[in-house]
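Got the structure open in your viewer? Here is a walk through it, one selection at a time.

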Amino acid sequence: MMVDEIYSGSFSAYKAEEELLSSDNSILDTTVDWESLAPVEEEAPALAKPAAVVRVSTDQDIDSNGLADIIMAITKSTHPNRGSAGAWLIQENQTAKWGNLSTLNATSKIMGFGKTSSSKAVDDIYVYDAATNNLGAWVTDENGKVTGWKNVNKFNDNMNVLGLGDFNADGQTDVLLMSDYGDLGVWFTSGAKTGWKRFQSLGKEWHIAAIGDFNGDGRDDVALTHDAGFAGCYITQADGTVKWTNLDNIKSGQKIAGAGDFNGDGVDDILLQQGNYCGAWIVENGNAKGWMGLGSLGNGAVVEQIGDFNGDGVDDLRLRVDKAIGVQLVKGADKLEWHYYGSVGSEWSTSLASL
Ligand SMILES: [Ca+2]
Ligand SMILES: [Ca+2]
Ligand SMILES: [Ca+2]
Ligand SMILES: [Ca+2]
């Protein structure tokens, strides 16, 4: 059974959902042989770009069931349906239901999830146009359908959009930026400090590793690494400034793969990956207070998204292995539970970091 062929070749952006699912029911198939899907190469999996560029402390939920959803788009420039974007809406029974979103123009990419208004219950989908340095969002209704466009801002040419987060805890998504000269800061989209607020100037030895709320005050913070091997946080303050906290040293072979709350205390933790193995620094007040082993992901698995896919308040690791998409649900220390959602054609990008 070619479970990986569901969407290849014949996709057209607004085909009815029934058509997309009618060829077989393999999107619902959880009996696939996991081992057979793993690539043959023995190489360590290529890490996705740091989740920093995509992470936002929202539910990543566009259809109002409280479960994170998966956005995907055809990014291959030569594909006739390049730009077609849709989502797998994760259901209570851990299956995925297809929903059409919209179409990206040739220079646009999906940035991630966020809220264009604090009164919105579900997330919108942020779209960045590299040709104009303009950021905006597809506004969604409570069923995950795109109902309109809301412009966020067209940034100056010397500003680089790094990621999304709510950095003043007013419920509306802001934008993390870095200038060509190393000025790190935020574009506040609402509140008393609307507009650009510079945090710090950073040299090339600094790298943005993740965005998350690392002290649990509701404001997103920024985790950074330094070439010397240590990591820490800029904890955002109520006055729009930041305060440094130390995390820990990154061991040889380890990489920060993103942020998520893996022990369910409401504070984001730091995900570390070493080969196939994942674990997390459990974070309190911006400091690493302990280690939580998570487990091995399987050969060739790439962490593409960190979010809560089963609604238990603990973030999970959404993976891709070649064309197969699934989630390792985090069920406590050293306890991962695999759920396979389905497979996509190779023309589909499912990582927010590469969409
Ligand atoms: Ca959902
Ligand atoms: Ca915070
Ligand atoms: Ca936590
Ligand atoms: Ca979960």
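Start by selecting residues 70-74, which are strand β1, together with β24: the two pair in the antiparallel sense over two bridges. This is a predicted model, so keep that in mind at each stop. Pick Ala73 next and look across to β24, where its bridge partner is Ser349.

Now widen the selection to the sheet around that pair. You should have four strands in the order β3-β2-β1-β24, an open sheet with antiparallel pairing. Its edge strands are β3 (96-103) and β24 (348-349), each of which pairs on one side only.

Stay on β24 and click Trp348, which sits in this strand. Is Trp348 buried or exposed? It counts as buried because 24 other C-beta atoms lie within 10 Å, and the cut-off for that label is 20 or more. Add Lys76 to the selection: 272 residues separate it from Trp348 along the chain, yet their C-alpha atoms are 7.8 Å apart.

Before leaving this area, go back along the chain to the loop between α2 (34-37) and β1, where you'll find Ser64. Check its backbone: phi is near 60°, a positive value in a residue that isn't glycine. Ser64 has 16 C-beta neighbours inside 10 Å, so it counts as partly exposed.

There's another residue like this to visit. Select the loop between β21 (316-321) and β22 (324-330) and find Asp322. Asp322 is not a glycine either, and it has a positive phi of about 60°. With 15 other C-beta atoms within 10 Å, Asp322 is partly exposed.

From that loop, step back into strand β21 and pick Arg320. What is the burial of Arg320? Arg320 counts as buried, because it has 24 C-beta neighbours inside 10 Å. To see what surrounds Arg320, show its contacts beyond four places in sequence: Val302, Glu304, Ile325, Thr350 and Ser351. Put a distance on one of these, Glu304: it lies 16 residues from Arg320 in sequence and 6.7 Å away in space, C-alpha to C-alpha.

Next, jump to another sheet. Select β4, β5, β6 and β7, which make an open sheet of four strands in that order, with antiparallel pairing. The edges here are β4 (108-114) and β7 (146-154), and each pairs on one side only. Neighbouring strands are turned by 25° against each other on average, direction ignored.

Zoom in on β6 (residues 134-140) and β7: seven bridges join these antiparallel strands. For one example, pick Leu135, whose bridge partner in β7 is Asn153.

Now for the inside of the protein. In soluble globular proteins, nonpolar side chains tend to be buried together. The largest nonpolar core here has 88 residues, and those touching the most other members are Ile125, Val127, Ala223, Ile256, Ile270 and Leu271. Colour those six, then centre on Val127. Which residues does Val127 touch, leaving out those up to four places away in sequence? Select Leu104, Ser108, Ile110, Met111, Gly136, Ala137 and Trp138 to see them.

Finally, zoom out to the whole chain. It has two helices and 24 strands, and 47% of its 355 residues are buried. Among contacts between residues at least 6 apart in sequence, 44% join residues at least 24 apart.

Terms used:
Residues are numbered from 1 along each chain as its sequence is written. Chains are lettered from A and ligands numbered from 1 in the order in which they are written. This is a predicted model: local features need pLDDT of at least 70, side-chain atom pairs count only at pLDDT 80 or more; totals for chains, interfaces and linings use all residues. A nonpolar core is a set of buried Ala, Val, Leu, Ile, Met, Phe, Trp, Tyr and Cys residues joined through C-beta atoms within 7 Å. A residue is buried if 20 or more other C-beta atoms lie within 10 Å of its own, exposed if 12 or fewer, and partly exposed in between; C-beta atoms are placed from the backbone. Two residues are in contact if their C-beta atoms, placed from the backbone, lie within 7 Å. Two strands pair if DSSP finds at least two bridges between them. Axes are lines fitted to C-alpha atoms, for helices over the stretch in contact, and angles run from 0 to 180 degrees between N-to-C directions.
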